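This report goes through a few features of one structure. Please look over the sequence and the 3D view before reading on.

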Amino acid sequence: MNTLVLSTSLRPASNSRIMARYAQHLLNQRSAETEVAFLDLRDHPALPMCDGGDCYSHPEVAAIRPLFARADAIIVAAPVYTFYLSAAAKNVVELTGGAWEDKTVAFLCAAGGASSYMSVMSFANSLMLDFRCVIVPRFVYATGKDFAQDAVADEDVKERIEQLVGATLRLARAAKAA
Ligand SMILES: Cc1cc2nc3c(=O)[nH]c(=O)nc-3n(C[C@H](O)[C@H](O)[C@H](O)COP(=O)(O)O)c2cc1C
């Protein structure tokens, strides 16, 4: 199996990237079950905004698309912006579109407050409806208080990330076999 961890925050001190790195660390410990790739959108500042046309042949889009195409599972780490996921997260889906087809997808969300916990749902819905993604029904939602010194500090959030990684591999394996 192949698992892609996608970090979509463009903020240097991103909390969702900290969770993405922790998920990557846990996946690396399960290397007998999956290969792991990590894609950080901060490493691709030249990615264009989706224009529904020329963007699809942009070299940066061509460079990242195979990571999505190869993956059986994608763990999306994203900031909550205005009760949705960030525009950068949505843009990468628009740019890579069909490469998400039939993937198992899980979410690690970083937010400013506790009230936006449903924000991931419309993003998840569009992946289900557009690309028949299998959505892992276990989300991690964390706020600033859960982090300290560039690490996940809250033990409950750590455990939830571990459970999410386990559920993602289990569902992706089942979906691949089906
Ligand atoms: C433009 C913008 C909109 C935001 N909207 C929300 C929101 O709707 N709900 C919320 O809880 N936090 C919101 N926040 C706070 C971010 O979710 C928070 O800073 C989070 O840590 C960002 O993720 P990151 O650390 O991975 O970059 C917003 C922040 C920005 C910059």
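## Around the ligand

In this predicted model, the ligand has 16 residues around it, and those that come nearest are S14, S16, P79, A111 and G112. The elements that each give two or more residues to this shell are helix α1, strand β3 (73–81) and strand β5 (104–111).

What kinds of residue make up the shell around the ligand, sorted into nonpolar, polar and charged? The shell holds 6 nonpolar residues, 8 polar ones and 2 charged ones.

## Strands β1 and β2

Strand β1 covers residues 2–7 and strand β2 covers residues 35–40. The two strands pair in the parallel sense, over 6 bridges. To get from β1 to β2, the chain passes through helix α1 (residues 15–28), and this β-α-β crossover is right-handed.

One of the bridges can be traced by residue: V5 has F38 in β2 as its bridge partner.

## Residue Y84

Y84 lies in strand β4, which spans residues 84–85. Is Y84 buried, partly exposed or exposed? There are 17 other C-beta atoms within 10 Å of Y84. A buried residue needs 20 or more, and an exposed one has 12 or fewer, so Y84 counts as partly exposed.

Apart from neighbours within four places in sequence, Y84 is in contact with S119, S122 and F123. A73, by comparison, is 11 residues from Y84 in sequence, and the two are 22 Å apart in space, C-alpha to C-alpha.

Note on methods:
Residues numbered from 1 in each chain as written. Predicted model: local features only at pLDDT ≥ 70, side-chain atom pairs only at ≥ 80, totals over all residues. Pairing = 2+ DSSP bridges. Helix = DSSP H or I, 4+ residues; strand = E, 2+ residues; numbered from the N terminus. Right-handed = clockwise from strand over helix to strand, strands pointing away. Contact = placed C-beta atoms within 7 Å. Near = placed C-beta within 6 Å. Nonpolar A, V, L, I, M, F, W, Y, C, P; charged D, E, K, R; others polar.
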